Amino acid sequence: AGVRHARADRVVGLLVLTTAFTVLFGFAYMVLLPAVVSAALGHTGAELSRRVAFVMAANGLGAVAGALVVAALPAGVRRERIIPFALVTLGLLLAAFALSRTLWLSLVLSALAGGALLAVTSLVNTSMQVAAPRGLRGRIMALYVMAFMGMMPIASILAGAIGQAAGPTNAVWILALPLLAWGLLLASRPALLRPGAGPGAG
């Protein structure tokens with residue numbers, strides 16, 4: 001029933017797809033993080049381990065901040081309107097992170113990317129719960145979990161393959177491009193995520 005509803009309900013279906021996109025192209029940089037830090041900052045051994053730890057810690061702090069910001073949004077704010085801009089922001093931050101060659105800038109970008117990533121996933125989660133009918137909410141949220149967890153191993157394989165072919169830093173910005181494109185598409189057609197709006201509405 002949940003799958004049938006997601007196929008029939010444009011908003012729910014797009015939110016599930018957005019979840020899959022975010023994990024596939026947004027989480028992949030975490031898989032490549034040690035290689036990115038090594039390639040971008042030019043360190044090995046114990047110094048590399050310390051710098052990777054710093055960058056990961058910054059990402060975690062940013063993620064906590066992003067989740068808190070979303071939780072603090074007023075009840076009247078339409079979460080689905082923010083999702084496209086959060087996706088575009090995430091794509092730009094990941095591309096900038098891939099191009100950074102200094103530790104302090106990488107720390108700042110990693111924190112901001114972590115915040116944007118958690119903001120997107122939190123906003124999508126909340127929007128799906130609002131859009132789903134009460135009797136199907138559990139099944140719809142199961143689709144969210146499946147899209148989230150199910151895409152993680154695929155994201156790892158994709159990131160590894162592109163990283164091996166093009167280099168880790170190039171892989172991060174290459175993977176950021178689909179996120180950016182998806183966010184721009186949703187931003188250009190806000191009716192796509194608007195509950196109750198017809199497909200041709202704008």
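At 9% relative accessibility, threonine 121 counts as buried, and that makes it a friendly place to start a walk through this predicted model. Threonine 121 is found in helix α7. Its side chain has a polar atom 3.1 Å from the backbone oxygen of leucine 118. Setting aside residues up to four places away in sequence, threonine 121 touches Thr22, Phe27, Tyr144 and Phe148.

Let us stay with helix α7 and look at serine 110, which also lies there. Why is serine 110 called buried? Its relative accessible area is 1%, and a residue counts as buried because that value is under 20%. The side chain of serine 110 reaches the backbone oxygen of valine 55 at 2.9 Å. Valine 55 also appears among the contacts of serine 110 once neighbours within four places in sequence are left aside; the others are Tyr29, Ala58, Asn59 and Phe97.

Another stop on α7 is methionine 128. With a relative accessible area of 0%, methionine 128 is buried. If you look for valine 11, you will find its C-alpha atom 8.1 Å from that of methionine 128, although 117 residues separate the two along the chain. Leaving out residues up to four places away in sequence, methionine 128 touches Leu15, Val16, Thr19, Ile140, Met141 and Tyr144. Tyr144 is thus a residue you have met before, as it is also touched by threonine 121.

Methionine 128 leads us on to the nonpolar interior. In soluble globular proteins, nonpolar side chains tend to be buried together. Here the largest nonpolar core has 60 residues, and those with the most contacts inside it are Leu94 and Met128. Which elements give two or more residues to this core? They are α2, α3 (28-31), α4 (33-41), α5 (45-71), α6, α7, α8 (137-166) and α9 (168-188). The largest share, 10 residues, comes from α8.

Leucine 94 deserves a visit of its own. Not counting residues up to four places away in sequence, leucine 94 touches Phe25, Gly26, Tyr29, Ala113, Val172, Ala176 and Leu179. Tyr29 may look familiar, since serine 110 is in contact with Tyr29 too.

Now for a residue with another setting: is alanine 96 buried or partly exposed? Alanine 96 lies in helix α6, and with a relative accessible area of 29% it is partly exposed. That label applies because 29% falls between the limits of 20% and 50%. Alanine 96 and leucine 61 are 35 residues apart in sequence, and their C-alpha atoms are 19 Å apart in space.

Our last stop is empty space. Rolling a probe the size of a water molecule over the atoms shows where such space is left. In this model, the largest pocket has a volume of about 150 Å³. Of the 13 residues that line this pocket, the closest to its centre are Arg78, Arg79, Glu80, Ser127 and Val130. Helices α2 (10-26), α6 (79-99) and α7 (103-131) each supply at least two residues of the lining, with the largest share, 4 residues, coming from α7. Sorted by class, the lining has 8 nonpolar, 2 polar and 3 charged residues. So the tour ends back at α7, the helix that holds threonine 121, because its run of residues also gives the pocket the largest share of its lining.

Conventions. Residues numbered from 1 in each chain as written. Predicted model: local features only at pLDDT ≥ 70, side-chain atom pairs only at ≥ 80, totals over all residues. Heavy atoms only, no water. 1 Å grid on protein atoms, 1.4 Å probe; cavity = no way out; pocket = protein on both sides within 12 Å on 5 of 7 lines; lining within 4 Å. Points joined across faces, edges and corners; volume = space filled by probe spheres on them. Nonpolar A, V, L, I, M, F, W, Y, C, P; charged D, E, K, R; others polar. Core = buried A, V, L, I, M, F, W, Y, C linked by side-chain atoms within 4.5 Å. Buried < 20%, exposed > 50% of the residue type's maximum accessible area, 1.4 Å probe, protein only. Contact = heavy atoms within 4.5 Å. Polar contact = N/O pair within 3.5 Å; in protein donor to acceptor, adjacent residues only side chain to side chain.
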